[in-house]
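This report is a short guide for a reader meeting the structure for the first time, and it takes up one helix and then one sheet.

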Amino acid sequence: MTSTTRLTVAQALVRFLSAQYTERDGVRRRLIDATWGIFGHGNVAGIGQALIEYGDVMPYHQGRNEQAMVYAAVGYARQSNRLSTHAVTTSIGPGATNLVTGAALATVNHLPVLLLPGDVFATRPADPVLQQLEVPYAGDISVNDCLRPVSRYFDRVTRPEALIPSALQAMRVLTDPVETGAVTLALPQDVQAEAYDWPDEFFAERTWVVRRPGADPTELAEAVRAIRGARRPLVIAGGGVHHSRAEEALAEFAEVTRIPVASTQAGKGSLRFDHPQDVGGVGHTGTATADELARTADLVIGVGTRYTDFTTASGTLFAADGVRFLNLNIAPFDGHKLAGMPLIADARSGLMELTAALDMHAYRVADSYSAEYTEDKERWEQRVDACYEADEPDVRPTQPQVLGALDAIVDESDVIINAAGSLPGDLHKMWRARSRDQYHLEYGYSCMGYEIPAAIGVKLAAPERHVWALVGDGTYLMMPTEIVTAVQEGVAIKVLLVQNHGYASIGGLSEETGAERFGTAYRHRADDGTFTGAPLPVDLAANAASLGMRVLRAKTVSDLREALAEARAADTPTCVYVETQTADTVSGPPPAQAWWDVPVAETATRPSAVKARELYERHVSTRRRHL
């Protein structure tokens with residue numbers, strides 16, 4: 001007879017989660033390392049009580065914003081190479097719907113996070129209950145159904161015994177290198193507190209092996225033939241290189257073949273910036289070196305990339321006649337993009353197989369091709385040096401000079417986190433990544449507010465590292481709340497807060513597309529009613545200090561250098577606040593090296609929009625579909 005233990009559904013779930021492990025390459029680690037939570041009537045007496053009951057096996061973190069808790073969990077998962085993550089619990093109602101944006105971010109970026117929102121009563125003793133969405137045509141819909149399209153797996157556990165198959169499916173998806181993303185188990189508040197006799201086998205330790213599938217022999221042979229026949233091949237390294245821990249395999253592949261390697265935002269750092277074959281970021285925010293190679297490549301070798309519109313310059317970048325694509329990807333969906341030859345395999349396994357086969361044939365690109373991209377890369381680095389250089393250290397810095405000051409003090413142990421605004425473009429073009437995980441850009445969803453909570457998650461996963469959250473004033477105002485969490489738990493993140501009085505990135509895009517920077521500046525209204533008056537008298541440094549963070553104000557380049565060094569040495573949460581000047585033609589960032597499709601008004605009377613449309617039509621005419 002099967003032995004059982006009588007527990008509530010919430011208690012059983014917490015005990016189950018504490019016994020789940022992943023294993024890859026012989027390394028075993030806990031899958032759900034901790035649970036974040038904000039409590040309301042939908043989870044306080046269920047999951048909340050269970051976390052107290054089993055606090056010895058399930059650590060708890062207190063968050064301030066439900067969306068931010070997901071970001072912290074995502075940051076932890078990425079720093080843990082997707083082998084470990086956190087759970088997030090909220091009440092039903094606004095707590096649950098606040099999860100949606102975080103869930104979308106996790107799923108878009110293929111990063112595992114477990115969401116445990118409360119739900120309305122399964123037994124319907126009162127109908128409607130507080131915060132219940134009434135749907136006249138269906139009795140089984142709640143606000144949690146908003147999470148369905150942004151979750152890789154969703155289930156509503158309306159009976160205790162239904163938890164067993166649902167929890168197992170949730171773990172399967174979280175540990176699947178193709179399917180992983182946000183997983184949602186909606187938990188009706190009455191079911192959470194209901195007792196059930198659970199089979200003890202449910203709580204036994206369970207190890208989920210993360211697969212490394214190799215390539216199909218036929219696909220591998222075709223891939224080798226394609227590379228051997230290429231004169232100007234180019235590798236596009238995506239986030240899958242990092243997820244697979246394939247950085248060393250990629251370096252060996254590049255050294256054997258001397259094929260240049262460009263990187264997406266998610267893939268940057270796949271090779272160190274000073275690796276001979278690294279040519280920097282590619283696409284709309286890429287380097288001139290990488291983008292010119294992309295325009296002339298006859299074979300594009302995508303490794304773990306989704307080919308987003310920023311990477312392809314909205315279909316205008318890969319312009320050579322007869323260009324072909326070879327896509328090494330563990331996901332068949334991505335492997336077939338751009339009508340490419342699929343090589344469906346784990347990135348590390350596939351690269352090792354390719355390297356061995358090409359080395360056997362003594363394949364390498366021509367010396368002239370190597371010399372070409374090496375010289376171009378040197379010229380680009382000189383442009384970066386000019387952007388970083390501050391000839392007058394006693395003046396307010398430009399944004400590139402802020403990055404230059406940070407670049408001067410970091411080493412391979414630092415992690416740089418960013419997600420939105422003008423910084424991603426500057427970082428992708430100019431940042432010199434010194435280690436495989438130094439460059440942490442969330443650009444799949446590019447979600448403002450990600451940086452500070454994600455920094456907490458990264459620091460929890462790697463407490464020995466220096467973790468920097470780079471935020472502009474627009475991003476900061478969206479989600480500074482988790483500064484309180486960092487202070488409460490003594491998580492010594494560094495926040496580099498750049499004040500430029502508005503949405504700088506969208507302001508520039510608005511100007512380029514004929515929208516005249518409308519609604520993008522943080523300024524008072526002028527007499528004509530537009531937001532073109534004096535800058536708002538906000539003091540974001542004082543705000544950060546009021547939340548408990550130590551704040552260092554920097555007015556000049558010299559101040560900034562000193563403040564960054566002091567913050568890096570600090571063992572408490574520390575913010576460096578700096579106001580930047582408008583970049584001029586000498587010290588400003590290099591402009592975009594490739595196009596990005598943002599549709600412009602087809603008809604308008606304002607001259608700026610008319611001119612922008614003319615330019616837009618010229619770019620659109622160069623788009624191609626790769627068939």
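In this predicted model, helix α10, which spans residues 247-257, has as its buried residues Glu247, Ala249, Leu250, Ala251, Phe253, Ala254 and Thr257. The cover over these buried residues of α10 is provided by elements that include the helices α8 (217-228), α9 (239-243) and α14 (347-360), together with the strands β12 (233-237), β13 (261-263) and β15 (299-303). Just after α10 comes Arg258, whose phi is positive, at about 60 degrees.

The sheet is an open one of six strands, paired in parallel and arranged in the order β5-β4-β6-β7-β9-β8. Because β5 (60-62) and β8 (153-156) stand at the edges and have a single partner strand each, one side of each is left without a neighbour in the sheet. On average, and with direction ignored, neighbouring strands of this sheet are turned by 20 degrees against each other.

At the β5 edge, β4 (residues 32-37) pairs with β5 in the parallel sense over three bridges, and Gly37 has Gln62 in β5 as its bridge partner. Two helices that pack on the sheet are set out below, each with the strands it touches and the angle between its direction and that of one strand.

| Helix | Strands touched | Angle between directions |
|---|---|---|
| α3 (residues 66-79) | β4, β6 (85-90) and β7 (113-119) | about 170 degrees, with β6 |
| α20 (residues 482-489) | β4 and β5 | about 130 degrees, with β5 |

Strand β4 is thus touched by α3 and also by α20, while β4 pairs with β5 within the sheet.

Key:
Residues are numbered from 1 along each chain as its sequence is written. This is a predicted model: local features need pLDDT of at least 70, side-chain atom pairs count only at pLDDT 80 or more; totals for chains, interfaces and linings use all residues. Side-chain values use heavy atoms; hydrogens and water are left out. Two strands pair if DSSP finds at least two bridges between them. Helices (H or I, at least four residues) and strands (E, at least two) are DSSP runs, numbered from the N terminus. Axes are lines fitted to C-alpha atoms, for helices over the stretch in contact, and angles run from 0 to 180 degrees between N-to-C directions. Contact means heavy atoms within 4.5 Å. Buried means under 20% relative accessible area, exposed over 50%, partly exposed in between (1.4 Å probe, protein chains only).
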